Amino acid sequence: MRELRPGLWHWEAPHPEWRATEPWSENVSSYAIDDGERLLLFDPLGVPSELVDLAADRETAIVLTAPWHERDAESLVERLGAPVYTPLPDSAQCLEINERWLRPGVTRDEIAAGLRPLLELPVEHVLATHGGPTDRAALERALSPS
């Protein structure tokens, strides 16, 4: 686990359902954000014990960036009593915009155009669950027209 900035952590763990044919690495990223009162666990898998201990002193919630990123959410709900927040199934987006994951009839350029308003925000960190954290320059490259 590494602290990207105070109160923002990143760690990786092997995905339990990974196969060599997957278009992503076996190790997937998870994140935690602590504001002193609340602890948010993003797509948690293999949560470090330090964060589990911190959760005991915080109002903790689990945030899934995609509905299929359940990972360790169920066991954490049982252990911590934390609520889970997730987007609707058809709202999933990918930073790299992997064309293999697009719905039929949807193009990479359409997805990028829909995400380009993010560039108007003061983005410092991009917390990708596949590939780890990156920065604004990577977001700009990912959203540039093909």
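Helices (H or I, at least four residues) and strands (E, at least two) are DSSP runs, numbered from the N terminus. The model treated in these exercises is predicted.

**Exercise 1. Place Gly 105 among the elements and classify its exposure.**

Step 1. Gly 105 belongs to the loop that runs between β6 (84–85) and α3.
Step 2. The relative accessible area of Gly 105 is 75%. The cut-off for exposed is over 50%, so Gly 105 is exposed.
Step 3. As a distance check, take Gly 36, which is 69 residues from Gly 105 along the chain. Their C-alpha atoms are separated by 44 Å.

**Exercise 2. Determine the strand order of the open sheet and find its edge strands.**

Step 1. The open sheet is formed by six strands, in the order β1-β2-β3-β4-β5-β6, with mixed pairing.
Step 2. β1 and β6 each pair on one side only, and they are the edge strands.
Step 3. Inside the sheet, β2 and β3 run antiparallel and are joined by seven bridges. Trp 11 has Ser 30 in β3 as its bridge partner.
Step 4. A helix is also to be placed: α2 lies across β4, β5 and β6, at about 165° to β5.

**Exercise 3. Describe the largest nonpolar core and state which element gives the most to it.**

Step 1. The largest nonpolar core holds 15 residues. Those with the most contacts inside it are Trp 11, Ala 32, Leu 39, Leu 41, Val 47, Leu 51 and Ile 62.
Step 2. Two or more residues come from each of β2 (8–14), β4 (38–42), α1 (49–55) and α2 (73–80).
Step 3. The element that gives the most is α1, with four residues.
Step 4. Another core, of eight residues, lies apart from this one; among its members are Leu 102, Val 123, Leu 139 and Leu 143.
Step 5. For one residue of the largest core, Val 47, the contacts beyond four places in sequence are Trp 11, Val 52, Asp 72 and Leu 76.
Step 6. As general background, nonpolar side chains in soluble globular proteins tend to be buried together.

**Exercise 4. List the buried residues of α3 and explain why they line one face of the helix.**

Step 1. Helix α3 covers residues 108–115, and its buried residues are Arg 108, Ile 111, Ala 112 and Leu 115.
Step 2. Viewed down the axis of α3, these buried residues fall within an arc of 100°, and therefore they line one face of the helix.
Step 3. The cover over the buried residues of α3 includes α4 (136–142).

**Exercise 5. Analyse the salt bridges of Arg 5 and Arg 58, giving partners, sequence separation and exposure.**

Step 1. The whole structure contains seven salt bridges.
Step 2. Arg 5 pairs with Glu 124, and their closest N and O atoms are 3.1 Å apart. Arg 5 is in strand β1 (residues 2–5) and Glu 124 is in the loop between α3 and β7 (125–128), so the pair ties together parts 119 residues apart in sequence.
Step 3. Arg 5 is partly exposed at 39% relative accessibility, whereas Glu 124, at 51%, is exposed.
Step 4. Arg 58 forms a salt bridge with Asp 34, at 2.7 Å from N to O. Here too distant parts of the chain are linked: Arg 58 is in the loop between α1 and β5 (59–63), Asp 34 is in strand β3 (residues 27–34), and they are 24 residues apart.
Step 5. Arg 58 has 23% relative accessibility and counts as partly exposed. Asp 34 has a relative accessible area of 16%; buried means under 20%, so Asp 34 is buried.

**Exercise 6. Identify the network of salt bridges that contains Arg 38.**

Step 1. Arg 38 and Asp 35 form a salt bridge through their side chains, at 2.6 Å from N to O.
Step 2. Salt bridges link Asp 35, Glu 37 and Arg 38 in a network.
Step 3. Arg 38 is partly exposed, at 37%, and Asp 35 is partly exposed at 44%.

**Exercise 7. Characterise the surroundings of Pro 14.**

Step 1. Pro 14 is in strand β2 and counts as partly exposed, at 47% relative accessibility.
Step 2. Beyond four places in sequence, Pro 14 touches Glu 26, Asn 27 and Leu 45.
Step 3. Asp 43 is 29 residues from Pro 14 in sequence, and the C-alpha to C-alpha distance is 13 Å.

Technical notes. Residues are numbered from 1 along each chain as its sequence is written. This is a predicted model: local features need pLDDT of at least 70, side-chain atom pairs count only at pLDDT 80 or more; totals for chains, interfaces and linings use all residues. Side-chain values use heavy atoms; hydrogens and water are left out. A nonpolar core is a set of buried Ala, Val, Leu, Ile, Met, Phe, Trp, Tyr and Cys residues joined through side-chain atoms within 4.5 Å. Buried means under 20% relative accessible area, exposed over 50%, partly exposed in between (1.4 Å probe, protein chains only). Contact means heavy atoms within 4.5 Å. The arc is that of the directions from the helix axis to the C-beta atoms. A salt bridge is a side-chain nitrogen of Lys or Arg within 4 Å of a carboxyl oxygen of Asp or Glu. Two strands pair if DSSP finds at least two bridges between them. Axes are lines fitted to C-alpha atoms, for helices over the stretch in contact, and angles run from 0 to 180 degrees between N-to-C directions.
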